[in-house]
Amino acid sequence: MNDQPLPDPDLLELSGDFREALRHSIYLVRRLDAEGELSAAQLSTLKMLLDAVDDGVRVGEIARNLGVKVPSATEQIIKLERAGLVRREADPADSRAVRVKLTAEGHAAVESANTRRNAVMAGILGSLTDRERQALAAALPVIGRINESLQP
């Protein structure tokens, strides 16, 4: 039986509200580049690789970050590889594993998508009041800390 005390009810409510806001934000971000050539999952994979060190990212980690099974991630990686946006290489630390790395073309695709997405988002943020934009800017470091706490 779990003997830990229940979290504060106000904290539970804030948690639920925050998760719901994030869920809607994910939908918004997926629509930002609806006209782009890459799916949201493919773009997320490319951005993950952009953020990675030079060693690339293992397929299992890509799958975990996308919230999918390894075969689904592998399917996305194969499509990206065929498009010349990523390359797969043997993991020097584990001959059974594969690491995925971003190519120069993949880097350019991410930059292009970021430019399009930022322009759309700037239009949305332009409709906010100065006070709302300041509140959003003030919240970003807190959201960053939450994200960091969830990293392995």
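Me: In this predicted model, what is the strand order of the open sheet of 3 strands?
Reply: The model is predicted. The pairing in this open sheet is antiparallel. β1 (57-58) and β2 (86-91) each have a single partner strand, so each stands at an edge with one side left without a neighbour in the sheet. The order is β1-β3-β2.

Me: How many bridges join β2 to β3?
Reply: β3 covers residues 94-102 and runs antiparallel to β2. Within this pairing, Arg88 stands opposite Val100 of β3. The number of bridges joining β2 to β3 is 6.

Me: Which helix lies across β2 and β3?
Reply: The helix spans residues 70-82. Its direction makes an angle of about 120° with β2. This is helix α4.

Me: Is Asp91, which forms a salt bridge with Arg99, buried or exposed?
Reply: The closest N and O atoms of Asp91 and Arg99 are 3.2 Å apart. Buried means under 20% relative accessible area. Asp91 has 5% relative accessibility, so Asp91 counts as buried.

Me: Which residue forms a salt bridge with Asp94, and is that partner buried or exposed?
Reply: Asp94 has a relative accessible area of 18%, so Asp94 is buried. The closest N and O atoms of the pair are 3.1 Å apart. The partner has a relative accessible area of 74% and is therefore exposed. That partner is Arg96, and Arg96 is exposed.

Me: Where do Asp130 and Arg133 lie, and what is the N to O distance of their salt bridge?
Reply: Both residues lie in helix α6. They are 3 residues apart, about one turn of the helix. Asp130 is exposed at 55% relative accessible area, whereas Arg133 is partly exposed at 36%. The N to O distance is 3.5 Å.

Me: Which residues are joined into one network by salt bridges that share partners?
Reply: Asp91 forms a salt bridge with Arg99. Asp94 forms one with Arg96. Shared partners join the network of Arg58, Asp91, Asp94, Arg96 and Arg99.

Me: How many salt bridges does a search of the whole structure find?
Reply: Side chains of opposite charge can pair when their charged atoms come close. Asp130 with Arg133 is one of the pairs. The whole structure holds 10 salt bridges.

Me: Which residues make the nonpolar surface patch of about 280 Å²?
Reply: One of them, Ile146, is in helix α6 (residues 130-149). Patch residues need over 30% relative accessible area. Ile146 has 32%, so Ile146 is partly exposed. The patch is made by Val142, Ile146 and Leu150.

Definitions and conventions:
Residues are numbered from 1 along each chain as its sequence is written. This is a predicted model: local features need pLDDT of at least 70, side-chain atom pairs count only at pLDDT 80 or more; totals for chains, interfaces and linings use all residues. Side-chain values use heavy atoms; hydrogens and water are left out. Patches are made of residues with over 30% relative accessible area and no salt bridge: like charges are joined within 9 Å, nonpolar side chains (Val, Leu, Ile, Met, Phe, Trp, Tyr) within 5 Å. Accessible areas come from the Shrake-Rupley method with a 1.4 Å probe; for residues, only the protein chains shown count as cover. A salt bridge is a side-chain nitrogen of Lys or Arg within 4 Å of a carboxyl oxygen of Asp or Glu. Helices (H or I, at least four residues) and strands (E, at least two) are DSSP runs, numbered from the N terminus. Buried means under 20% relative accessible area, exposed over 50%, partly exposed in between (1.4 Å probe, protein chains only). Two strands pair if DSSP finds at least two bridges between them. Contact means heavy atoms within 4.5 Å. Axes are lines fitted to C-alpha atoms, for helices over the stretch in contact, and angles run from 0 to 180 degrees between N-to-C directions.
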